[in-house]
Amino acid sequence: MVAALPFQERLADRVHGMSAPERMKIPKTIVLVGLMGAGKSCIGRRLAAALGLEFVDADTQIESAAGCTIEEIFERHGEAAFRDGERRVISRLLDQPPRILASGGGAFIDPATQKAIRARGISIWLRADLDLLLRRTSRRNNRPLLKRGDPRAILQDLMTQRYPIYAKADITVDSADGPPEVTLDRVLAALQAHLAAPAPAGGAAGAER
Ligand code: S3P
């Protein structure tokens with residue numbers, strides 16, 4: 001369990017009339033989706049602390065399961081093998097009690113992984129603009145896809161390919177260029193609205209769409 005962050009109570013008190021984060025009943029695992037650098041792990045950790053849930057990072061789980069880094073999986077076995085492992089790991093995590101799951105940027109793009117997330121989780125797309133993604137991803141050098149050429153051009157291409165797919169997530173939140181608490185507030189508010197909204201007609205909870 002990730003330790004509660006200092007702002008937890010203050011944030012929960014002021015976000016949209018919510019007096020305690022526990023009051024938000026989370027029925028399914030919340031899966032953060034979006035491009036590399038969108039803030040999925042950073043916001044995921046804070047969201048988990050605010051809601052008193054466990055945080056788990058899919059990429060870290062894949063690395064533990066494989067016994068090597070994602071870069072090594074890509075190098076030794078190729079992207080398709082990585083996607084296989086990602087599919088299995090995310091499916092296993094979705095079978096466990098509700099928590100906050102940061103997925104890798106390509107997870108929601110894989111049709112089977114997306115189907116599992118849509119059926120068994122609540123997806124939140126952290127949308128960010130190109131400059132923000134570029135700035136954030138430049139801080140680390142461990143993303144194989146960004147080493148295939150000019151990172152700006154690659155991220156731009158991925159935005160074109162993937163944004164229409166991420167848009168199928170249950171909730172979309174713009175990742176703020178500033179303190180993570182700003183984005184966290186947006187996520188909490190959007191989540192609260194989503195959970196309060198009546199279920200879509202004919203759509204039983206947990207049904208595959
Ligand atoms: C990928 C994103 C990475 C990681 C892998 C592939 C992608 O995760 O899963 O390098 O296809 O966008 P982050 O989005 O957490 O960097």
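Colleague: What makes the pair formed by the side chain of Arg143 and an oxygen atom of the ligand a polar contact?

Modeller: In this predicted model, an N or O atom in the side chain of Arg143 is 2.7 Å from an oxygen atom of the ligand, and because a polar contact is a pair of N or O atoms within 3.5 Å, the pair counts as one. Local features here need pLDDT of at least 70, side-chain atom pairs count only at pLDDT 80 or more, and totals for chains, interfaces and linings use all residues. Residues are numbered from 1 along each chain as its sequence is written, and side-chain values use heavy atoms, with hydrogens and water left out.

Colleague: How do you know that Asp59 and Gly106 make polar contacts with the ligand?

Modeller: A polar side-chain atom of Asp59 lies 2.8 Å from an oxygen atom of the ligand, and a polar backbone atom of Gly106 is 3.4 Å from a ligand oxygen, so both pairs meet the limit of 3.5 Å.

Colleague: Why is the ligand said to sit in the largest pocket?

Modeller: A molecule sits in a pocket if more than half of its atoms lie within 2 Å of the pocket's grid points, and the ligand therefore meets that condition for the largest pocket. A pocket is an open set of points on a 1 Å grid over the protein atoms alone, where a 1.4 Å probe fits, with protein on both sides within 12 Å along at least five of seven lines, and lining residues have an atom within 4 Å of a point.

Colleague: What lines the largest pocket?

Modeller: Its lining has 42 residues, of which Met36, Gly37, Ser41, Arg140 and Arg143 are the closest to its centre.

Definitions and conventions
Polar contact = N/O pair within 3.5 Å; in protein donor to acceptor, adjacent residues only side chain to side chain.
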